[in-house]
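Here are my notes on this one, written up as short points. Have a look at the model first, then read on.

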Amino acid sequence: ANHSRAPRKVGAASTSGAMSLLGEKLHAKIGSGVNKDDLNGLVYSLGREGAEALRKGDYETALDRFSACTKLNEKICNKKDDINYGASLHNMATALHYLGRLDEAERYYEDAKKVFEAQPKGFGRPSQKSRIKFIDERLTLLRFGGRPQSDTYIDEYGVERATKHRHDMSEDPNVLADKCEKAYWKGVNHAKSKIWGLAQECFEDAIDAGERSRETPPERLMLCYNNLGVVLEEQGELEEAMHYLKTAQRMLLQLPGGADSDPDRVQKLKRIEQRLQTIEEEMLSGGGGRRRPRNDPPPPPRDDGGPPPALLAEPAPPR
């Protein structure tokens, strides 16, 4: 790749080269009076099709769908540092990278990185460090002529995940969401009785099913990640616990309406942050990434539906 290029502006002018015909047609047909919720729904559907094409190795189709998302986001987003616009630029870069169109991929990675770097920082704001680090790694790979690996991707929360967890359009999303829900509540019940090993298995199953279904409520998936982190901490796996708790924290901050729109969410966020602080202090005090698991005797089973002190949960569903 040619690294002597002059810096480029992020914006509509930078998205012309790799744009698909579908993207250009959609962009031209959208007027100022179009409902933005409808456009957001279209972006979501196209993004899902692009992700599925990418998972199957159909990179031309993936590029076509992601470029259409980018053109739509140019209409939807009020400013060019909107996080959704950055995500669509990043997806385009990924498809171009797989196709071996390295100069174009580099430009879109750089544009996406600028968007993520421009995001507000501070309390109640999701960190973009994971996204930026992921792009930097892709840029390094690209500049050595390498193609990306297909075993991980960055999701809408900026979390690196296994590709196997991408939504699979061949599976019934409602069946997967129901599987997630059942595994979640089994995990809660095991955790209430301090049966940590079974609780861990259940929350892992819930995440595996929930990640593959577009019908899983984002807040339920956030609780699965949080509770898996809690269970891992109870078993002394501090580094793994921090990973899942930080993922839950990012997901909570990205929930529709934000974390500060609901007092319950604010309390959940504080509890996650307190738990993370406790783990960090324990690791700094010499415990490293692991400590001896707690061996308290299990309490008698509870059936009152109330959340145990360690977990974030709502009342149990009706029997």
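1. Start with the order of things: from the N terminus on, the elements run α-α-α-α-α-α-β-β-α-α-α-α-α. That gives eleven helices and two strands in the chain. Bear in mind throughout that this is a predicted model.

2. On the chain as a whole: it has 319 residues, and buried ones make up 47% of them. If you take the contacts between residues at least 6 apart in sequence, 69% of these join residues at least 24 apart.

3. One pair that is separated in sequence is Leu42 and Ala68. They sit 26 residues apart along the chain, with their C-alpha atoms 9.7 Å apart in space. Leu42 belongs to helix α2, which covers residues 36-56. Is Leu42 buried or exposed? Neither, quite: its relative accessible area is 32%, so it lands in the partly exposed class.

4. Now the helix pairs. Helix α5 (residues 102-117) packs on helix α6 (residues 129-143) at an angle of about 160°, and the axes are 10 Å apart. The two are therefore roughly antiparallel, the cut-off for that class being over 145 degrees. As for handedness, α5 passes α6 in a left-handed crossing.

5. Who makes that contact? From α5 it is Leu102, Ala105, Glu106, Tyr109, Glu110, Ala112, Lys113, Phe116 and Glu117, and from α6 it is Arg131, Ile132, Ile135, Asp136, Arg138, Leu139, Leu142 and Arg143. Sorted by type, the residues where α5 meets α6 come out as nine nonpolar and eight charged, with no polar ones.

6. Further along, helix α8 (residues 196-211) and helix α9 (residues 218-234) have axes that come within 9 Å and cross at roughly 155°. That angle makes α8 roughly antiparallel to α9. Here too the crossing is left-handed, with α8 passing α9.

7. The α8 side of this contact includes Trp196, Phe203 and Ile207, and the α9 side includes Leu221, Cys224, Tyr225 and Leu228. The residues in the contact of α8 with α9 split into eleven nonpolar, three polar and three charged. Among the others taking part are Gln200, Glu204 and Gly210 of α8, along with Asn227 and Glu234 of α9.

8. Next, the cysteines. How many disulfides does a search of the whole structure find? Zero. Cys180, for one, is in no disulfide: the nearest cysteine sulfur belongs to Cys224 and is 4.2 Å away. A pair has to be within 2.5 Å to count. Cys180 is buried, with a relative accessible area of just 1%. Cys202 counts as buried as well, because its relative accessibility is 8%, and the buried class takes in anything under 20%.

9. Last, a backbone detail you may want to check on screen. Lys194 has a positive phi of about 60°, although it is not a glycine. You'll find Lys194 in the loop between α7 (173-192) and α8. With 32% relative accessibility, Lys194 counts as partly exposed.

Definitions and conventions
Residues numbered from 1 in each chain as written. Predicted model: local features only at pLDDT ≥ 70, side-chain atom pairs only at ≥ 80, totals over all residues. Heavy atoms only, no water. Helix = DSSP H or I, 4+ residues; strand = E, 2+ residues; numbered from the N terminus. Buried < 20%, exposed > 50% of the residue type's maximum accessible area, 1.4 Å probe, protein only. Axes fitted to C-alpha atoms, helices over the stretch in contact; angles between N-to-C directions. Parallel < 35°, antiparallel > 145°, perpendicular 65-115°, else oblique. Left-handed = near helix turned anticlockwise from the far one by under 90°. Contact = heavy atoms within 4.5 Å. Nonpolar A, V, L, I, M, F, W, Y, C, P; charged D, E, K, R; others polar.
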